[in-house]
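Here are a few exercises to work through with the structure open beside you. Try each task before you read its solution.

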Amino acid sequence: MRAVRTALSLGLAGAGLLACADKPPSSGAEPEVAGGEVRLVGVAIEDWSCDLIATPALVAETLGMPARAIDSTLGSAPGTPKPCNFVVEAVVPEAWSFDLDCRDTALATADRLFAEYLARNEELIAQFDAATGGKVTKDDAGVEQVAVAAPVEVAVGKRGLDHHGQAILFVDDDTPCYARVAGPDAERRLVVARLVAQRLTPATAPMRPRPVPVPAPAGK
């Protein structure tokens, strides 16, 4: 019986390098708040870019190898930016990507994805075990077939899951967003996911700009 194999296709979209802290919306008047100033946080989708979270230079510095950005051939859901994709020039070039969802429904969507990814990951492992009887098998070219990696909870954001041995899904800890980060190995995936989480702030999030109060100066 042929071994069960899978590949998970994930687009991943980006967060930014501490930019646009007070970027106003592209149109519309600034709302009034009684008793004090307000500022706007969030970057409108049409104004947002991957460089707000991670430039190729930052990816290269993080992974210790040259990196370049490539245009995403994938579309995105309405209200979300396109995935941010990079090629890292290792001995064998590596594909890395991240994507973000900061819509009003993002956290509910993340809860659903956690459940779906976890269930599918475990299902694929069970299918592989049933197909191989727990024995090492090889394909027609003599290459060993291995089961998809088990899902693992990881320490990034409020909650993170490394799933299918291919990507990390995490809920951010200071924005109403979730992110997905894909790359070739678990240890470096977590490093990149933490970079995205660090750079993803209310000021850089690709979300509907919204007002936040400005604290009054001390002593007033």
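**Exercise 1: a cavity and its walls**

Helix α1, strand β4 and helix α3 each supply at least two residues of the lining of the largest cavity. Keep in mind that this is a predicted model.

Task: find which residues line the largest cavity, and sort them into nonpolar, polar and charged.

Solution. Begin with the count: the structure holds one cavity of 30 Å³ or more. Its volume is about 70 Å³. Next, pick out the lining, which consists of Ala 54, Val 59, Thr 62, Leu 63, Phe 86, Trp 96, Ser 97, Phe 98, Val 192, Leu 195 and Val 196. Sorting these residues gives nine nonpolar, two polar and no charged.

**Exercise 2: two helices and what covers them**

Task: list the buried residues of α1, and say which elements they pack against.

Solution. Helix α1 runs over residues 56–63, and its buried residues are Leu 58, Val 59, Ala 60 and Leu 63. They pack against β2 (67–70), β3 (84–88), β4 (94–101) and α3 (186–199). Just past the end of α1, look for Gly 64, which takes a positive phi of about 75 degrees.

Task: check the length of α3 against the value expected for its 14 residues.

Solution. At 1.5 Å a residue, α3 should span 20 Å. The end C-alpha atoms are 20 Å apart, so the model agrees with the expected span. Now turn to burial: among the buried residues of α3 are Arg 188, Arg 189, Leu 190, Val 192 and Arg 199. The cover over the buried residues of α3 includes α1, β4, β7 (152–154), β8 (159–163), β9 (167–171) and β10 (178–182).

**Exercise 3: the nonpolar cores**

Task: find which residues have the most contacts inside the largest nonpolar core.

Solution. This core has 32 residues, and those with the most contacts inside it are Ile 53, Phe 98, Val 156, Phe 170 and Val 196. At least two residues each come from α1, β3, β4, β9, β10 and α3. The largest share, five residues, belongs to α3. A second, separate core has nine residues, including Ala 110, Leu 113, Tyr 117 and Val 171.

**Exercise 4: a strand residue and its partners**

Task: decide whether Val 41 is buried or exposed, and find what it is in contact with.

Solution. Locate Val 41 in strand β1 (residues 38–41). Its relative accessible area is 4%; the cut-off for buried is under 20%, so Val 41 is buried. Leaving aside neighbours within four places in sequence, Val 41 is in contact with Pro 202, Ala 203, Met 207, Arg 208, Pro 209, Arg 210 and Val 212. Take Pro 202: 161 residues separate it from Val 41 along the chain, yet their C-alpha atoms are 5.6 Å apart.

Technical notes
Residues are numbered from 1 along each chain as its sequence is written. This is a predicted model: local features need pLDDT of at least 70, side-chain atom pairs count only at pLDDT 80 or more; totals for chains, interfaces and linings use all residues. Side-chain values use heavy atoms; hydrogens and water are left out. Buried means under 20% relative accessible area, exposed over 50%, partly exposed in between (1.4 Å probe, protein chains only). Helices (H or I, at least four residues) and strands (E, at least two) are DSSP runs, numbered from the N terminus. Contact means heavy atoms within 4.5 Å. The expected span of a helix is 1.5 Å times one less than its number of residues. On a 1 Å grid over the protein atoms alone, a cavity is a set of points where a 1.4 Å probe fits but cannot get out, and a pocket is an open set with protein on both sides within 12 Å along at least five of seven lines; lining residues have an atom within 4 Å of a point. Grid points are joined across faces, edges and corners, and a volume is the space filled by probe spheres set on the points. Ala, Val, Leu, Ile, Met, Phe, Trp, Tyr, Cys and Pro count as nonpolar, Asp, Glu, Lys and Arg as charged, and the others, Gly among them, as polar. A nonpolar core is a set of buried Ala, Val, Leu, Ile, Met, Phe, Trp, Tyr and Cys residues joined through side-chain atoms within 4.5 Å.
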